[in-house]
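Work through the exercises below with the model open. Try each task before reading its solution.

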Amino acid sequence: MIDIDVLQLDLNEQISLIKSKHLSAGELFSEQLALIDIVNPNINAFIAVNSNDNTEMIGNTLSKKSFAGVSIAIKDNIDVLGFNSTAGLETRRNVIAKQDAFVIDRLRKAGATFSGKLNMHEGALGASNQNLHYGNCYNPHDLSLSPGGSSGGSGAAVASCMSALALGTDTMGSVRIPASYCGVFGLKPSRGALSNRGTVVCSRTMDTIGPIARSARDLTTALNIMAGYDLEDAQSKAVNFSQQLPANPILLVPDNLEALGIEADVIADFDKNIEVFKALGCQIKYFSIADYDFGAARRAGLIICEAEMRVEHAKDWEAHLEQFSPYLQRLLSYIDRKSPMDVIRSERVLDEATVRVRQLLAQGDFILMPTTPQRAFAFEDGAPANQADLTSLANQAGAAAISTRTPLA
């Protein structure tokens, strides 16, 4: 019988149980696999599951390490030795990782094991996690709704308790959007804080690996293990993390959320949550962002991704075009109608975003906005065009960002 009370715990609580010998990592792993067998056929978050019986190895060799042998799940564009790395593409169905990605190696050395690979939007370029090749992933709260993209499998796996922690990648919001739609926590670290080596590229400049979890402290636990300078990754940076928050942080809030296309019920809940932050001692300072063209930034981000992906998948595009879905063919063909100057202009939008965020953070400590302008949408309705407008600002500026579940006042 599955102990759902244990599977609902966050990662830190599960690790604590193992280290206190109230539970073994092998027992927890068996419980997770049993739940995956029952739940995953309906949600389709996992597209590959670790079926190896490593219970004895977990119990004997890893329980004293930081992760204590706890198994986590990985988006299928991040290399895990022995698993396929499909990136949601038919062309990569049989591509097996020959070594771990940089962050996977760090997690493995910290005692983590890996329960499987997770569904994602094809090529990591999409908002719904509808996938022609590996099947759609569904929101565990309502199977008629999207879990978000492109790390939909990661959000769904954590929300359904099949994994306490999952990794995704975030290019224009692809960790935070699924976290928001699935009601869990998601972190996009600052650019270069985590090495992307060992991932399938969507955009070199905007991609960031990030964790999805059931608590904010789990995000910190994962970040502390994964972060580190990688000599072999040109985008990697040696980042010094501050351990201290301001005593009374200033939160910068847009003064007209409706003008940003945010739906009324989202604004109503956001306003209630502002009261929670005030009760925690935060100061609220309103600012105007009416002159920032989120639509232009969205289009620029897509052009960069389309150009980068045509380079990343050039051989397959040339030899196996028919294996790309009509959806992705249409997106990646768009760049053929653009010039090198268009790509350079789009890259300059990233500079504009960086300057804008710097200007704002000179006035306060954090920017506080809704993660998405709307709640999870029905598959039949299609992805809203502005879904990633608010999240993409952090990617383009290279800033860290988190999607959190703040309890309503």
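**Exercise 1. Find which residue of β10 stands opposite G186, then place G186 in its sheet.**

Step 1. This is a predicted model. In it, G186 stands opposite S403 in β10.

Step 2. Look at the pairing behind that. Strand β10 covers residues 401–403, and 3 bridges join it to β5 in the antiparallel sense.

Step 3. Turn to strand β6, residues 208–213. It pairs with β5 over 2 bridges, also antiparallel. Here the residue opposite G186 is I212.

Step 4. Check the two faces of β5, which spans residues 185–188. In a regular strand, side chains alternate between the two faces of the sheet. F185 and L187 lie on one side, G186 and K188 on the other, and all of these are buried. Both faces of β5 are therefore covered.

**Exercise 2. State the strand order of the open sheet of 3 strands and explain what is left free at its edges.**

Step 1. The order is β8-β7-β9, and the pairing is parallel.

Step 2. β8 (283–287) and β9 (366–367) are the edge strands. Each has a single partner strand, so one side of each lacks a neighbour in the sheet.

Step 3. Now take one pair in detail. Strand β7 (residues 250–254) and β8 run parallel and are joined by 5 bridges. One residue pair to locate is L251 with its bridge partner in β8, I284.

**Exercise 3. Work out on which side or sides of α2 the buried residues lie, and what they pack against.**

Step 1. List the buried residues. In helix α2 (residues 11–19) they are L11, Q14, I15 and I18.

Step 2. Consider their directions. They cover an arc of only 100 degrees around the axis, so they sit on the same side of α2.

Step 3. Name the packing partners. The buried residues of α2 pack against α1 (4–7), α3, β4 (165–170) and α8 (216–226).

Step 4. Look just past the helix. K21 follows α2, and its phi is positive, near 65 degrees.

**Exercise 4. Identify the residues that touch the most other members of the largest nonpolar core.**

Step 1. This core has 60 residues. F67, I104, L107 and L167 touch the most other members.

Step 2. Ask which helix gives the most. That is α3 (residues 25–43), with 6 residues.

Step 3. Follow one residue outward. Leaving aside neighbours within four places in sequence, L107 contacts F67, I72, A112, F114, L167, I225 and M226.

Step 4. Another core lies apart from this one. It has 28 residues, including L252, L260, F277 and I289.

**Exercise 5. Decide whether K117 is buried or exposed, and find a polar partner for its side chain.**

Step 1. K117 lies in strand β3 (residues 113–118).

Step 2. Apply the cut-off. Buried means under 20% relative accessible area. K117 has 1%, so it counts as buried.

Step 3. Find the partner. A polar atom of the K117 side chain lies 3.0 Å from the backbone oxygen of I78.

Step 4. Add the surroundings. Beyond four places in sequence, the contacts of K117 include A45, F46, I47, D76, F83 and N84.

**Exercise 6. Do the same for Q387: is it buried or exposed, and which side chain does its own side chain contact?**

Step 1. Q387 sits in the loop between β9 and α14 (389–397). Its relative accessible area is 3%, so it is buried.

Step 2. The side chain of Q387 makes a polar contact of 3.2 Å with the side chain of Y181.

Step 3. Not counting residues up to four places away in sequence, Q387 touches A127, I177, Y181, T372, P373, Q374 and F377.

**Exercise 7. Count the disulfides and explain the result for C161 and C182.**

Step 1. The count is 0.

Step 2. For C161, the nearest cysteine sulfur is that of C182, 12 Å away. For C182, the nearest is that of C137, at 7.2 Å.

Step 3. A disulfide needs sulfur atoms within 2.5 Å. Neither C161 nor C182 is in one.

Step 4. Check burial. C161 is buried at 9% relative accessibility, and C182 is buried at 1%.

Notes
Residues numbered from 1 in each chain as written. Predicted model: local features only at pLDDT ≥ 70, side-chain atom pairs only at ≥ 80, totals over all residues. Heavy atoms only, no water. Core = buried A, V, L, I, M, F, W, Y, C linked by side-chain atoms within 4.5 Å. Buried < 20%, exposed > 50% of the residue type's maximum accessible area, 1.4 Å probe, protein only. Helix = DSSP H or I, 4+ residues; strand = E, 2+ residues; numbered from the N terminus. Contact = heavy atoms within 4.5 Å. Arc of directions from axis to C-beta. Polar contact = N/O pair within 3.5 Å; in protein donor to acceptor, adjacent residues only side chain to side chain. Pairing = 2+ DSSP bridges.
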